[in-house]
Amino acid sequence: VCFTLNLVLAGIPMLFSVTGGNDLDQRLRGLAKTDFSKASGVVLDGFFLDCIDESNQPMDRRPHLDCMFEVLPKLCLQLPSHLPRILTNIWQPDEVARAVTCGVDIFDGTLPFRLSRSGLAWLYPGWTPHSAASTTSRQTPFPSWIAFPLDKELLKGSSGSVFNQPLQEGCSCFTCQRHNRGYISHLHSVNEMLAHILLMM
């Protein structure tokens, strides 16, 4: 049985992972010792892009991104050209475009699910429909989070104004047009599945 199973597994294309954090030399050393003859693609993960501090507050990830984008093009030049390169933990449109110029082909798109599963709404301070539709080069605003359910003390101190706001002012999506933060907070409080669905929209 084991022999048969090994033959089956041997015929399945594999994704190879090139690790080494933000250290280019370490990644290149691992690359030099890797046999890519059985690979169907290369996963580029392990970059230090954690942007949550010890108190679970968002941090500026741009310094980490700059470090990654310094390593990435040099690393991609050394990879077999016929294999697709998969980069994880990248989701912002400008980050994706920048990674493409470095030689990356495929990206991890699980962020909306991971955020909504954790009860987090990802917002863009200063975002407007006009800026979203603009084709001119611009820097994506640094996002902020709303963690659900909301603190009930907010209701006492703000006369309910925070609870009555949409997730993102000016957004035309189904959630922002039809529901407010208070309703979504209530859904999270009672563990209603709709809470996560609305955050995904």
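Of the 201 residues of the protein chain, 34% count as buried in this predicted model. The surface of the chain exposes about 12,300 Å², of which carbon and sulfur atoms supply 58%. The secondary structure of the chain comes to 11 helices and six strands, and among contacts with a separation of 6 or more, 56% are accounted for by residues 24 or more positions apart.

The mean pLDDT of the protein chain is 81, with 80% of its residues reaching 70 or more. Confidence is highest in strand 3, residues 85-87, at a mean of 94, and lowest in helix 6, residues 129-133, where the mean is 55. Over residues 132-138 the pLDDT is below 50, and this stretch has three contacts in the model beyond its near neighbours in sequence.

With regard to charged side chains, the structure holds one salt bridge. In this salt bridge the side chains of Asp66 and Arg98 meet at 3.5 Å, taken from N to O. The pair links distant parts of the chain, since Asp66 belongs to helix 3 (residues 62-77) and Arg98 to helix 4 (residues 93-102), with their positions 32 residues apart in sequence. Both partners retain some access to the surface: Asp66 is partly exposed, with a relative accessible area of 42%, and Arg98 is partly exposed as well, at 39%.

Aromatic side chains were examined next, and the count comes to two aromatic pairs. Phe16 and Phe36 form a tilted pair, with 5.7 Å from centre to centre and 35 degrees between the planes. This pair links distant parts of the chain, 20 residues apart, with Phe16 in strand 1 (residues 14-17) and Phe36 in the loop between helix 2 (24-32) and strand 2 (39-44). Both Phe16 and Phe36 are buried. The pair formed by Trp122 and Trp145 is stacked, with 6.3 Å from centre to centre and 10 degrees between the planes. Here too distant parts of the chain are linked, as Trp122 lies in strand 5 (residues 120-123) and Trp145 in strand 6 (residues 144-147), 23 residues apart. Trp145 has a relative accessible area of 22% and counts as partly exposed, because the class of buried residues is reserved for values under 20%.

A nonpolar patch on the surface is formed by Phe174, Met193, Ile197 and Met201, which together have about 400 Å² of accessible area. Phe174 is found in helix 9, which spans residues 174-178, whereas Met201 lies in the segment after helix 11 (193-200). Both of these residues are partly exposed, Phe174 with a relative accessible area of 37% and Met201 with one of 49%. Both can therefore take part in the patch, for which a relative accessible area of over 30% is required. When residues up to four places away in sequence are not counted, Phe174 touches His179, Leu198 and Met201. Of these, Leu198 is 24 residues from Phe174 in sequence, while the two are 8.1 Å apart in space, C-alpha to C-alpha.

Several backbone features were also noted. A cis peptide bond joins Phe148 and Pro149, with omega at about 0 degrees, and Pro149 lies in the loop between strand 6 and helix 7 (152-158). Positive phi values occur at Asn89, where phi is near 70 degrees in a residue other than glycine, and at Asn191, which has a phi of about 55 degrees although it is not a glycine. Asn89 lies in the loop between strand 3 and helix 4, and Asn191 in the loop between helix 10 (181-189) and helix 11. As to accessibility, Asn89 counts as partly exposed at 22%, whereas Asn191 is exposed, with a relative accessible area of 71%.

Note on methods
Residues are numbered from 1 along each chain as its sequence is written. Side-chain values use heavy atoms; hydrogens and water are left out. Patches are made of residues with over 30% relative accessible area and no salt bridge: like charges are joined within 9 Å, nonpolar side chains (Val, Leu, Ile, Met, Phe, Trp, Tyr) within 5 Å. Accessible areas come from the Shrake-Rupley method with a 1.4 Å probe; for residues, only the protein chains shown count as cover. A salt bridge is a side-chain nitrogen of Lys or Arg within 4 Å of a carboxyl oxygen of Asp or Glu. Helices (H or I, at least four residues) and strands (E, at least two) are DSSP runs, numbered from the N terminus. Buried means under 20% relative accessible area, exposed over 50%, partly exposed in between (1.4 Å probe, protein chains only). pLDDT is the predictor's confidence in each residue, from 0 to 100. Contact means heavy atoms within 4.5 Å. Rings of Phe, Tyr and Trp (its six-membered ring) pair if their centres lie within 6.5 Å; planes under 30 degrees apart count as stacked, over 60 as edge-to-face and the rest as tilted.
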